[in-house]
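Biologist: I am new to this one. Please show me the structure, and then let me ask how you back up each label.

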Amino acid sequence: MSNRSKKGLALSGGGFRATLYALGSLWRMNEDGLLTSLDTITSVSGGSIAAGLLMLKWGDLTFEEVDGAQGRYRATNFEEVIAAPLLEFCSLTITCKARIILHTLNPTTTAVNEVRKKYENLLFGGTRLCDIPDHHLAPEFIFYGTNLDTGASVRISKHEIRDYNIGSASEHGITLAQAISISSGFPPFLAPIRLYGRAWTWSDTQYSRLPSEQITKFRECLNLCDGGLYDNMGLEMIWKHGADREYDSVFCCDAGALLPVPWEGWLKTIKSKFGLSLRMTDIMINQQRALRKRTLMRNYITGEYNGGYWSISSDVKNFQAIDPLLSDRKAEQYKHLANLGTQLDGFSARENKMLVNLGFCHADMSMRLNYDKTLRRPSLPFSTNTNEDDATQDSLASSPPPQF
């Protein structure tokens with residue numbers, strides 16, 4: 001496959017709401033076999049939880065051909081293998097303010113270790129990235145972290161971990177649970193996550209400007225945290241420009257939190273310096289997200305990239321030309337989802353299904369309008385109706401898929 005035909009999908013951060021919104025987006029892409037046409041899935045934080053399970057369970061999926069010439073195959077058991085375990089996992093409390101305080105006061109453990117153990121015990125086990133079998137239909141999976149020492153984005157994949165400042169290391173032995181805990185390790189309480197790379201096989205990059213003694217030090221111990229500090233949309237690898245450009249189609253699923261306006265909360269009320277620091281962080285992250293989004297929109301408009309962007313705050317009113325899966329009236333019932341917290345703490349069962357539906361709906365709108373107008377109009381995965389009159393709008397995913 002030539003570089004000009006490569007396709008990449010970026011899944012943003014945003015806690016469990018990002019996990020479930022990403023799940024809906026992946027589900028929609030699977031419906032038309034677009035998942036198997038992807039070359040790369042990059043992910044951050046909550047999006048990495050969904051991507052991680054997809055990577056781990058890809059070999060358990062059963063595929064049927066949609067368009068073999070385009071590399072498009074549909075997983076017929078996506079709901080059972082991917083969706084059901086993620087919905088169950090996201091109904092739990094992985095961590096919360098009370099637990100973080102308890103872990104901080106407990107000298108025998110840390111919140112960092114406890115979150116990693118939850119990932120291991122409840123979803124990923126102790127599987128190392130390098131031990132996950134290759135599959136001819138699977139994309140490459142990239143999990144993003146941030147290096148607190150170098151300030152750079154860190155790519156973690158099956159075969160390497162890379163920070164352009166200090167190089168690329170193979171034979172790293174990182175587990176999937178470790179990769180996800182790094183990608184979702186938001187400071188100060190869920191970071192740093194320390195990896196020791198003395199025994200790894202390192203190679204230099206052409207971009208590093210650090211003194212050799214610093215590179216050696218940073219390779220021995222990597223202090224890592226949430227990839228969203230550097231790039232909460234997970235776009236860094238797949239939207240290079242000019243001579244460095246690799247991808248022709250770029251898809252971006254964005255469930256990042258909107259900046260709360262006005263600034264409220266008890267930390268502001270008591271004039272906490274910690275609260276002021278958190279607000280400063282929110283503003284800086286919001287600004288870098290806005291700049292990335294603005295550049296991505298310009299890339300689409302100028303034709304540099306094919307693909308599509310969708311956001312948890314997307315408005316169905318802007319997609320009437322393709323008959324969105326949610327009517328304006330139904331979409332009003334979903335609007336509060338954009339204001340849900342970005343914690344690793346479960347929402348209600350109904351909200352979980354609504355988040356999946358919303359990701360499915362928004363991915364569908366973007367792809368049918370901006371990427372491929374020949375795609376069929378599917379049905380939402382779940383019914384979340386509260387009265388009989390709306391029963392015809394949504395359908396359960398257990399119904400037979402339409403024939404192509």
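Modeller: We will go through one tryptophan, some salt bridges and one strand in this predicted model.

Biologist: Start with W310. Where is W310 found?

Modeller: W310 is in strand β13, residues 306–311.

Biologist: How do you know whether W310 is buried or exposed?

Modeller: Its relative accessible area is 1%. Buried means under 20%. Therefore W310 counts as buried.

Biologist: Which residues does W310 touch, leaving aside those up to four places away in sequence?

Modeller: The list includes L9, Y21, S25, F251, C252, C253 and D254. G359, H362, A363, S366 and M367 are also on it. Take C253 from that list. C253 and W310 are 57 residues apart along the chain, yet their C-alpha atoms are separated by 5.4 Å.

Biologist: What makes the pair W310 and S25 a polar contact?

Modeller: Their side chains are joined at 2.8 Å. The cut-off for such a pair of N or O atoms is 3.5 Å, so this pair qualifies.

Biologist: Now the charged pairs. How many salt bridges are there?

Modeller: The count comes to 18.

Biologist: Why is the pair R376 and E31 called a salt bridge?

Modeller: The N to O distance between the side chains is 2.9 Å. The rule asks for within 4 Å, so the pair passes.

Biologist: What does the pair R376 and E31 tie together?

Modeller: R376 lies in the segment after α12 (349–371), and E31 lies in helix α1 (residues 15–31), so the pair ties together parts that are 345 residues apart in sequence.

Biologist: How do you know whether R376 and E31 are buried or exposed?

Modeller: R376 has a relative accessible area of 16%. For E31 the value is 14%. Both values are under 20%, so both residues are buried.

Biologist: What makes K335 and E332 partly exposed?

Modeller: K335 has a relative accessible area of 44%, and E332 has 44% too. Partly exposed lies between 20% and 50%, so the label fits both. Their side chains meet in a salt bridge at 3.4 Å, N to O.

Biologist: Why is D364 with R368 also called a salt bridge?

Modeller: The closest N and O atoms are 2.8 Å apart. That is within 4 Å, so the name applies. Both residues lie in helix α12, 4 residues apart, about one turn of the helix. D364 is buried at 0% relative accessibility, and R368 is buried at 7%.

Biologist: Which residues are linked in a network with D364 and R368?

Modeller: R28 and D32 are linked with them in a network of salt bridges.

Biologist: Last, strand β2. What makes you say that both faces of β2 are covered?

Modeller: In β2, residues 40–43, T40 and T42 on one side are buried, and so are I41 and S43 on the other. In a regular strand the side chains alternate between the two faces of the sheet.

Biologist: How do you know that β2 pairs with β1 and β5?

Modeller: Pairing needs at least two bridges. Strand β1 (residues 6–11) and β2 have 4 bridges, in the parallel sense. One of the partners is A10, matched with T42 in β2. The chain crosses from β1 through α1 to β2, a right-handed β-α-β crossover. β2 and strand β5 (residues 140–147) also pair in the parallel sense, over 4 bridges. There, T40 stands opposite E140. Both pairings therefore meet the rule.

Notes: Residues numbered from 1 in each chain as written. Predicted model: local features only at pLDDT ≥ 70, side-chain atom pairs only at ≥ 80, totals over all residues. Heavy atoms only, no water. Helix = DSSP H or I, 4+ residues; strand = E, 2+ residues; numbered from the N terminus. Buried < 20%, exposed > 50% of the residue type's maximum accessible area, 1.4 Å probe, protein only. Contact = heavy atoms within 4.5 Å. Polar contact = N/O pair within 3.5 Å; in protein donor to acceptor, adjacent residues only side chain to side chain. Right-handed = clockwise from strand over helix to strand, strands pointing away.
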